[in-house]
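Welcome, and please open your viewer. We will go from stop to stop, choosing something to select each time and looking at what is there.

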Amino acid sequence: MLDPQLLRNSLDEVAEKLLIKGYQLDKNEFSELESQRKALQLQVESLRGNRNIESRKIGLAKAAGEDIQPLLDAVASMGNELKSSEIALDSLQEELHELLAGLPNLPHESVPAGKDENDNIELRRWGEVKEFSFEAQDHVGLGAFKGMDFETAAKITGSRYVVLEGELAAMHRALTQFMLDTHSRKNGYTETYVPVIVNADSLRGTGQLPKFEEDLFKLNTEHDNYLIPTAEVPLTNILRDEIISADQLPFKRVAHTPCFRSEAGSYGRDAREMIRQHQFEKIEMVQARRAEDSWQALEELTGHAEGILQALGLPYRVVNLCGGDLGFGAAKTYDLEVWLPGQQAYREISSCSNFESFQARRMQARWRNPETGKPELLHTVNGSGLAVGRTLVAVMENYQQEDGSIVVPEVLRNYMGGVEKILA
RNA sequence: GGAGAGGUGGCAGAGUGGUCGAAUGCACCGGUCUUGAAAACCGGCAUAGGUUUGUAGCCUAUCCAGGGUUCGAAUCCCUGCCUCUCCGCCA
């Protein structure tokens, strides 16, 4: 959520920046609602003030043993006027709040203009794209005889799920172990186990609700519970309605969870591959920082995600998302795209974003500044480190041999009982 | 799932209809004392919104949340959520 003060004081600038993200703000609607709000709120508060004064008089008169009936008569009509004004104010404020909650975050000044992924800016590349002396297969072909089974998953559940078996399943697990260990033991994140079922308040806090409910799996329980689309939701909501002390900063958490996305709509080829699944594993890093540290934290966290790709020897590039491709709550996002020889393309494997105070304001996540003694909104930064399924795909395709076997990257071997190669 | 108890400021814990935003203690901050520290003593110490040039003042709201009763609710009533105790079930 944006700062309401900012909208009141700098409506034109806000509208201009929202346009970069492709959002058209109705300035007149906002100004109109806002001026009505102001008038009504003033009215309600002064009516309440009067009532409080009169009520106090009644109390005093009663205590003094005086006749309070005249005072009661004087106050009799106050209630109705107050009530109707309160009702009007409530509905107006709800309308304003909905408008505000529906506004995306403002893009950082370093975000390039543009309307879709074609306008994203490539910042750097790492690693050498390997030339194969044979025709490289994609992971579907490679996995067919090694335990990557989409048909059985379709029988058990439906499309866009997968069953992994044997060494592929082991490598999938090895990847999560390696990533978790790296981020917790080397990069300073506290490993955290979290619920993968969350309530609506948590999803509102991180911004998935109210706008993106169709992307979520909602449970058929008597409460409003959902499966998480990312561990960002439970990890960030640890801080909801909290005021933490300065010595608890920086707040750095990492978790490994399954993620669930309903992904309504078709993405063609992706659906038949292990690229866009309804259920997938992800390692998620979340940081909460004081405002002045968040941009440095984004660079740092992106580096942590890159470190995994580098340790695995997977070529990738870093992309600065343009305004139109930026997510709802992000002020800036770096996508890491890994090279997939089977597709001859770079594909997203991590997304690292700074939300500034956007999420923190929604969930009232604050820290107490010892210099002022006052609570201040935190800035939240998060990113995948990495999406495990897609990493498995990338390893398979980049480490394939002519005979269809897959060499196990050095750093994973300890996690796989020393296996060096997954045979065809 | 059944029965009962309870949710008050950073923490502990008073407060059952009337200047209660809330006693007291601890913690924290400032001061006195001290060579320094501790102790003791004095003072301060919630959050949000509005108004305003204003971190001043004033106003409003907030004692888990949402409704209700009342001139007036931390206090009474209803609903929800959460916690605890006992029983049942269970990986």
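## First stop: P112

Select P112 in chain A, which is buried, with a relative accessible area of 16%; buried means under 20% relative accessible area, exposed means over 50%, and partly exposed lies in between (1.4 Å probe, protein chains only). This is a predicted model, in which local features need pLDDT of at least 70 and side-chain atom pairs count only at pLDDT 80 or more, while totals for chains, interfaces and linings use all residues. Residues are numbered from 1 along each chain as its sequence is written, chains are lettered from A and ligands numbered from 1 in the order in which they are written, and side-chain values use heavy atoms, with hydrogens and water left out.

P112 sits in the loop between α5 (78-101) and β1 (121-126). Helices (H or I, at least four residues) and strands (E, at least two) are DSSP runs, numbered from the N terminus. Now show what surrounds P112: setting aside neighbours within four places in sequence, P112 is in contact with I121, N320, L321, C322 and G323, where contact means heavy atoms within 4.5 Å. For a longer view, add M179: P112 and M179 are 67 residues apart in sequence, and their C-alpha atoms are 31 Å apart in space.

## Second stop: E81

Next, select E81, which is in helix α5. Is E81 buried or partly exposed? E81 is partly exposed, at a relative accessible area of 43%. Beyond its neighbours within four places in sequence, E81 is in contact with Q43 and L47. Draw a distance from E81 to V44 as well: 37 residues separate the two along the chain, and their C-alpha atoms are 9.1 Å apart.

## Third stop: strand β11

Select residues 332-340, strand β11, where nine of nine residues are buried. On one side are K332, Y334, L336, V338 and L340, and on the other T333, D335, E337 and W339, so colour the two sets differently and note that both faces are covered.

Which strands pair with β11? Strand β10 (residues 316-320) pairs with β11 in the antiparallel sense over five bridges, and two strands count as paired if DSSP finds at least two bridges between them. In this pairing, V318 has L336 of β11 as its bridge partner. Strand β12 (residues 345-356) also pairs with β11 in the antiparallel sense, over nine bridges, and here T333 has S353 of β12 as its bridge partner. Follow the hairpin of β11 and β12 through the four residues between the strands, and you will find Q344 with a positive phi near 50°.

## Fourth stop: N398

From W339, move to N398 in helix α13 (residues 388-398). N398 counts as buried because its relative accessibility is 6%. A polar atom of the N398 side chain lies 2.8 Å from the backbone oxygen of W339, and the N398 side chain also reaches the backbone oxygen of A394 at 2.8 Å. Such a polar contact is a pair of N or O atoms within 3.5 Å; within protein, one must be able to donate a hydrogen and the other to accept it, and residues adjacent in sequence count only if both atoms are side-chain atoms. Leaving out neighbours within four places in sequence, the residues in contact with N398 are K130, F132, L314, P315, W339 and P341.

## Last stop: the whole chain

Zoom out to chain A, which has 13 helices and 17 strands. Its C-alpha trace spans about 100 × 45 × 40 Å along the principal axes. Of the 424 residues in chain A, 49% are buried.
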